[in-house]
Amino acid sequence: MDIRCISVDNGAGDNDLGQWDGGGLVVGLFSEGDHPLRRQLGALLGDDLDALLERRRFRGKPGECLALDRIGASPASVVLVGLGNPDHFDGAALRAAAAAGVRTANRAGARRIGLAMPVEGLEARAAASAMAEAARLGLYHDQRFRSEAEQDSQPEELALLGLATTAAEGLAEVEPICAGVELARQLVASPPNVATPAGLAEIAAELARDFDLELRLLERADCEALGMGAYLGVAQGSDLPPKFIHLIYRPASGSCRRVALVGKGLTFDSGGYNLKVAGSQIEMMKYDMGGSAAVLGAMRAIGQLRPAGIEVHAIVASCENMISGNAIRPGDVLTASNGKTIEVNNTDAEGRLTLADALVYACKLEPDAIVDLATLTGACVIALGEEIAGLWSCSDALAAGLESAAKAGGEALWRMPLRDSYKVGLKSHLADLKNTGPRPGGSITAALFLRDFVTADLPWAHLDIAGTVWSDKGRSDSPPGATGFGVRTLVGWIQAGAPA
Ligand code: BES
Ligand code: MN
Ligand code: ZN
């Protein structure tokens, strides 16, 4: 889908929607107030708009869509999308409305869709990017695992109508970012017999080839040599060999900043001997590599956008958590690559074991900041639900940088505490620490566990994305299934220079 900005100025400083010559037109309408778009729409429809809306019971509530078929007229299909109260209209509402309106117009058969939204209160460039991203991501449709593809027509063109001339400046970045989000969605949705550790390594190799990145792939023996006992302990119950992925983006000339992105890459989490029981979503545990999907999706975008002055390292200690005669037992003690010993009191708290060695590895690269993303705890899902990821950080500047990138990208984060006193929950009488604390505050003790494997004073943030990687009901700009959560936050943060 080709996305551009088109002026429909009538020469007198007003918009004439009749200038749009495509088959579909989407117009956003507030539930109250007298926005010029309302008059412009009235002029186009040549009808008493208020009477029409009354007759069709269109109130302009958020999410409301009304499709008008106009046989013989142009545009043949006009979609009205509700925006709610203008006082509450923001970037998130704009994304939701753009996605819903464009999806409705596409379903109505429009090939070339014009989108007119009231964006006066928002920065033009950000508004244009938000609409373009939401429209494209809302039309995403994954048919890879069907024997016969369903009819799936994507529009040829999306035209953003009547925006300021500066609005188009960010549109070139929409394609790389959306392709990154889509890669993350594909990886998360892939079944666990396809997205295996070797499967993830193969994707990393493809990214390296296609986007001029450097790949360092560590096999089991390489990880043994580095003393990664925590990660390899998790991997040892699986028949599939672990793959430790290190993908690097280097800018064209002299890099000034260096960041590491670490993603949890459990391609399947059975729980191990602390086996997941019915109701614990064992059949969904293919998405336990959602952190690695976000990191690889972000690397695809970064490799295409090629930001200057920043070197980006993506690190994924991927493996499966399985049961076998060789699997770790509850009670085993493992030694991580920083020498710390861990009593595994619960084999289902495996993500933090893999991340421990991945974080130690990341610290050795001496980055200016580390961000890890992980589907780490059910406790975080209980705390924040499926729309908001938990954010823990020892650095206020890094937390603020991630929060602002998330907001701009339409993703939601909520900062959670790294409360020192909760560390007692991880006290072991045998080893340096246990991998599991008490159930209350479980996402906080998980974050505190990770902190033990990060060099003191190195700006580090942890995102628990257990709730946000998947949505059974879908989101405004994401059909039911994998959301690709995290890619836009990471890419936005890096493009802003990775403040930490
Ligand atoms: N991958 C799970 C966390 C998870 C649970 C993600 C539900 C998405 C939905 C993780 O490895 C896990 O099993 N965590 C345990 C930790 C517990 C044993 C301390 C959990 O949250 O129950
Ligand atoms: Mn687990
Ligand atoms: Zn897990």
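A residue counts as buried under 20% relative accessible area, as exposed over 50%, and as partly exposed in between. By that yardstick Asp2, with a relative accessible area of 37%, is partly exposed, because the value falls between the two cut-offs. The structure is a predicted model, and everything below is read from its computed coordinates.

Start with the charged pairs. The count of salt bridges comes to 35. One of them brings together the side chains of Arg4 and Asp2, with N and O 2.5 Å apart. Arg4 lands in the middle class too, being partly exposed at 37% relative accessibility. In general, side chains of opposite charge can pair when their charged atoms come close.

A second bridge joins the side chains of Arg112 and Asp21, at 3.2 Å from N to O. Arg112 belongs to strand 5 (residues 112-116), while Asp21 sits in the loop between strand 1 (2-6) and strand 2 (24-29), so this pair ties together parts that are 91 residues apart in sequence. As for cover, Arg112 is partly exposed at 25% relative accessibility, whereas Asp21 is exposed at 55%.

Then there is the bridge between Asp332 and Arg329, whose closest N and O atoms are 3.1 Å apart. Here the two partners fall on opposite sides of the scale: Asp332 is buried, with a relative accessible area of 15%, but Arg329 is exposed, at 51%. Elsewhere, Asp2, Arg4, Asp21, Arg112 and Glu157 are joined into one network by salt bridges that share partners.

Now for the ligand. Ligand 1 has 16 residues around it, and those that come nearest are Lys276, Asp288, Asp348, Glu350 and Gly378. Sorted by class, the shell holds 7 charged, 5 polar and 4 nonpolar residues. On the polar side of things, an N or O atom in the side chain of Asp269 is 2.9 Å from an oxygen atom of ligand 1. Asp348 places a polar side-chain atom 2.8 Å from a ligand oxygen, and for Gly378 it is a polar backbone atom that lies 2.7 Å from an oxygen of the ligand. Taken alone, ligand 1 exposes 510 Å², and the protein buries 80% of that.

Lys276 deserves a paragraph of its own. Its place is the loop between strand 9 (257-269) and helix 9 (290-305). Despite being a loop residue, Lys276 is buried, because its relative accessible area of 16% is under the 20% cut-off. The Lys276 side chain makes a polar contact with the side chain of Asp348, at 2.9 Å. Leaving out residues up to four places away in sequence, Lys276 touches Asp269, Ser270, Gly271, Ile282, Met285 and Asp348. Two of those names have come up already: Asp269 and Asp348 each have a side-chain atom close to a ligand oxygen, at the distances given above.

Finally, a look at Trp493, in helix 14 (residues 487-495). Trp493 is buried, at 0% relative accessibility. Setting aside neighbours within four places in sequence, its contacts are Val259, Leu261, Ala369, Val371, Leu398, Gly401, Leu402, Ala405, Ala498 and Pro499. As a long-range reference, Arg70 is 423 residues away along the chain, and the C-alpha atoms of Trp493 and Arg70 are separated by 44 Å.

Terms used
Residues are numbered from 1 along each chain as its sequence is written. Chains are lettered from A and ligands numbered from 1 in the order in which they are written. This is a predicted model: local features need pLDDT of at least 70, side-chain atom pairs count only at pLDDT 80 or more; totals for chains, interfaces and linings use all residues. Side-chain values use heavy atoms; hydrogens and water are left out. Helices (H or I, at least four residues) and strands (E, at least two) are DSSP runs, numbered from the N terminus. Buried means under 20% relative accessible area, exposed over 50%, partly exposed in between (1.4 Å probe, protein chains only). A polar contact is a pair of N or O atoms within 3.5 Å; within protein, one must be able to donate a hydrogen and the other to accept it, and residues adjacent in sequence count only if both atoms are side-chain atoms. Contact means heavy atoms within 4.5 Å. A residue is near a molecule or strand if one of its heavy atoms lies within 4 Å of it. Accessible areas come from the Shrake-Rupley method with a 1.4 Å probe; for residues, only the protein chains shown count as cover. Ala, Val, Leu, Ile, Met, Phe, Trp, Tyr, Cys and Pro count as nonpolar, Asp, Glu, Lys and Arg as charged, and the others, Gly among them, as polar. A salt bridge is a side-chain nitrogen of Lys or Arg within 4 Å of a carboxyl oxygen of Asp or Glu.
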